[in-house]
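Grab a pencil and let's work through a few short exercises together. Each one starts with a task and then goes through the solution step by step.

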Amino acid sequence: MCGIVGIVGASPVNQSIYDALTVLQHRGQDAAGIVTIDPMNHFRLRKANGLVRDVFDTRHMQRLQGNIGIGHTRYPTAGSSSASEAQPFYVNSPFGITLAHNGNLTNVQALRKGLFERGRRHVNTTSDSEVLLNVFASELDRAPQYPLTPDDIFAAVEATHRTISGAYACVGMIIDHGLFAFRDPHGIRPLVIGQRVLEDGRVEYMVASESVALDTLGFDFLRDVAPGEAIYATTEGALFTRQCAEAPQLSPCIFEFVYFARPDSRLDGVSVYSARMRMGQKLGKRIAEAWQHLEIDAVIPIPETSCDVALEIAQIIGKPYRQGFVKNRYVGRTFIMPGQTVRKASVRRKLNANRIEFAGKNVLLVDDSIVRGTTSQQIVEMARDAGAKKVYLASAAPEVRFPNVYGIDMPSANELIAHGRDVEQIRVEIGADALIFQDLDDLIQAVRSDNPAITQFDCSVFDGIYKTDGVDQAYLDYMEMLRKDDAKAIRRQNEAENLELHNEG
């Protein structure tokens with residue numbers, strides 16, 4: 001999962017892009033990057049691993065000159081997490097193009113091979129985003145003229161749609177032309193556009209992963225970018241849009257509303273906050289009707305995404321809502337020193353149980369979802385250690401039984417606690433006294449209530465139905481192999497760092 005932003009302004013955009021990335025930081029904490037086009041038509045790029053606040057300092061911001069730029073916050077889902085994989089990427093031909101991408105391509109192997117053999121393009125990283133950039137650049141290279149026209153750019157997007165498969169929301173720039181953005185034909189990953197009218201009448205445009213980024217910078221929300229649609233804004237402030245897909249069908253990722261998006265965002269006409277409240281209402285009614293035998297003394301959210309859900313549940317079942325866990329917002333790095341045993345970082349570094357809310361009580365814990373189940377196990381154990389008599393657990397989402405292939409870092413099927421297990425088996429594994437999951441139909445109704453025009457969602461992690469072609473067992477096996485290779489690379493890097501520290505001693 002990643003966050004993207006692009007701005008065409010009338011004044012330097014470096015600070016605005018930085019501010020937008022901090023608002024989108026929840027979408028990716030692995031790496032961050034900004035690229036601008038300076039007055040001499042040169043790319044100015046800064047990207048590195050780390051949080052936005054750590055990647056950029058004053059000297060970097062001073063070098064990021066120009067009135068047009070894009071930014072990216074990265075959480076790795078395809079490829080490694082090395083600094084070389086940080087975005088945005090750029091190519092020099094044709095003209096000079098840079099691009100940032102949120103999502104995941106599902107035919108990247110064939111694309112990489114075709115780029116090398118037919119397009120004579122070398123992709124230097126394992127990132128599917130660099131592949132996507134080179135596909136678009138190859139199509140743009142077919143344009144018959146210079147400077148490019150909007151028709152030329154839209155034709156390249158149309159050809160890119162026909163070539164690639166998967167989920168993608170992209171923003172990029174072309175030297176001496178302007179900013180472009182496009183969204184996959186299923187609209188799986190979100191993308192919005194806004195504008196800001198200056199006192200002198202000039203108009204600035206902004207695209208971003210979530211509407212909250214527009215709000216923060218004072219841009220007026222225009223609309224969601226439609227599935228398959230492309231946006232082109234010139235450096236002079238002209239805006240062009242076109243539908244570039246043959247049969248677009250809005251199928252937004254429902255997990256955006258469950259967990260990823262900020263509650264103060266609106267995506268595809270749906271208030272994330274309102275959707276989560278309705279999730280709580282649906283789940284609360286189910287508990288009141290089917291689980292009335294539970295002796296619940298308090299409803300306690302597992303911070304923070306589930307707080308709105310838990311509050312609605314508490315109101316419906318008539319039980320007190322309590323903040324039983326305190327979150328540590330300043331968790332630092334975990335340092336593995338030579339001679340230490342490498343072990344899983346405990347959730348206790350991030351959460352602490354407020355014993356007064358657990359001692360001698362039967363508590364209903366509420367989480368947004370349960371994926372691997374390891375965190376849920378630790379939290380249930382924490383509640384018992386804090387004195388709870390019985391610990392019930394409710395999830396605002398259904399059982400996550402299938403891996404995600406569209407840009408969410410969800411593990412292979414074998415790592416999912418719900419894969420191959422029924423609810424009772426999951427309950428035993430987690431150690432809860434009762435386990436309650438949201439019904440998928442109820443989740444869908446809770447989200448689409450704001451926008452009944454959405455006829456379908458990508459619910460693949462729940463139902464195993466993938467919206468794009470080519471997602472078969474062979475592809476899932478390939479993705480699992482990539483995860484294992486990445487894990488091996490991380491272990492080798494840790495071993496090398498430990499050896500270096502040992503030698504320094």
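**Exercise 1.** Which side chain does threonine 468 join in a polar contact?

Before we start: this is a predicted model, where local features need pLDDT of at least 70, side-chain atom pairs count only at pLDDT 80 or more, and totals for chains, interfaces and linings use all residues. Residues are numbered from 1 along each chain as its sequence is written, and side-chain values use heavy atoms, with hydrogens and water left out.

Step 1: Find threonine 468 in the loop between α14 (460-463) and α15 (473-504). Helices here are DSSP runs of H or I with at least four residues, strands are E runs with at least two, and both are numbered from the N terminus.

Step 2: Look for a polar contact (a pair of N or O atoms within 3.5 Å; within protein, one must be able to donate a hydrogen and the other to accept it, and residues adjacent in sequence count only if both atoms are side-chain atoms). The partner is the side chain of tyrosine 406, at 2.7 Å.

**Exercise 2.** Is threonine 468 buried or exposed?

Step 1: Recall the cut-offs: buried is under 20% relative accessible area, exposed is over 50%, and partly exposed is in between (1.4 Å probe, protein chains only).

Step 2: With a relative accessible area of 9%, threonine 468 is buried.

**Exercise 3.** Place aspartate 409 and find a partner for its side chain.

Step 1: Aspartate 409 lies in the loop between β20 (390-395) and α12 (423-430).

Step 2: Its relative accessible area is 24%, making aspartate 409 partly exposed.

Step 3: Its side chain makes a polar contact of 3.5 Å with the side chain of tyrosine 75.
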